[in-house]
Amino acid sequence: MSVDLLGREYDTFPAPEPLQKHGSAKIVAMCNQKGGVGKTTTSINVAGALSQYGRKVLIVDFDPQGAATVGLGINANATDTTIYTAMFNPEMDVHEAVVHTRFPNLDIIPANIDLSAAEVQLVTEVGREQVLAATLRPLREEYDLIIIDCQPSLGLLTVNALTAADGVIIPVSAEFFALRGVALLMQSIEKVRSRINPNLEVYGVLVTMYTRTLHSGEVMQRIYEAFGEKVFHCAISRSIRLPDATVAASPITMYAPQHATAKEYREVSRELIASGVVA
């Protein structure tokens, strides 16, 4: 038995057994309309931890800033095949947009500033909320998890991500202002669930940038009161090693595997496997 930061007891999540085959991926939208809460960092590091556990993971960079793309050492401006071209070029096979990173079991579909035009183009598309879902459909059987790294907004791109997803992970920094926007996000999730994607779940709320201060503790308590058992047992600590890993274009689980934050992301990944989100 282990005890989390709120004093909840839980069974320690064991290191998972290797998989004999891959496929039937769940699609997870890493989503919060507030910027700077650790969406991209969490996408990269959860994917990195899961890939080390032998899971095949695909990150879909769905932010025109292309932070996830850069964070894995890829120059998206040097490629003509991005998630934008995969969505809007009907003759293109989505497999052409997949980039194999230098890390085993970890792939990415990159994004760049071209994706900013998608919001306008989607307005005139037939079934505009379903474009991303249709684009990703051929990839499901090749991966164990597909993570959509969303941009910080509640526009049409985010609606596309929520429509394509089986579930949502909401990173929330341990700061009071980060709490204010979560209610709006939950309203958007509920609208997508009621109108477009009735099977959409909230897989969990992940507290990021946690520090052992009274303020962080109070925010953590508020988050738990609002989301209860949906809160991941492990919070992600604020650490200078995370930006160091970003500069090195590597998940922290590979850049500094013994660091406390690397262990936290591995714990989150094991919880995702134990809860059945990932095989």
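Helix H1 is mostly covered, with twelve of its 14 residues buried; buried here means under 20% relative accessible area, exposed means over 50%, and partly exposed lies in between (1.4 Å probe, protein chains only). Helices (H or I, at least four residues) and strands (E, at least two) are DSSP runs numbered from the N terminus.

A word on the model before going further. It is predicted, so local features need pLDDT of at least 70 and side-chain atom pairs count only at pLDDT 80 or more, while totals for chains, interfaces and linings use all residues. Residues are numbered from 1 along each chain as its sequence is written, and side-chain values use heavy atoms, with hydrogens and water left out.

Back to H1. The helix reaches 20 Å from its first C-alpha to its last, close to the 20 Å expected for 14 residues at 1.5 Å a residue; that expected span is 1.5 Å times one less than the number of residues. Among the buried residues of H1 are Lys 39, Ile 44, Val 46 and Leu 50. After the helix comes Gly 54, whose phi is positive, near 85°.

Two H1 residues are worth a look in your viewer, and Val 247 of helix H10 (residues 241-247) can be set beside them.

| Residue | Relative accessibility | Class |
|---|---|---|
| Thr 40 | 17% | buried |
| Ser 51 | 4% | buried |
| Val 247 | 74% | exposed |

Leaving out residues up to four places away in sequence, Thr 40 touches Ala 67, Ala 68 and Asp 149, where contact means heavy atoms within 4.5 Å. On the same basis, Ser 51 touches Val 57, Pro 104, Asn 105, Leu 106 and Met 254. As for Val 247, its C-alpha lies 8.9 Å from that of Gly 73, although the two are 174 residues apart along the chain.

Now for the whole chain. It holds twelve helices and nine strands, and buried residues make up 56% of its 279 residues. The radius of gyration is 18 Å, which agrees with the value near 19 Å for a compact globule of 279 residues; it is taken over C-alpha atoms, and the globule rule is 2.2 Å times the number of residues to the power 0.38. Along the principal axes, the C-alpha atoms fill a box of roughly 55 × 35 × 35 Å. Of the contacts with a separation of 6 or more, 79% are between residues 24 or more positions apart.
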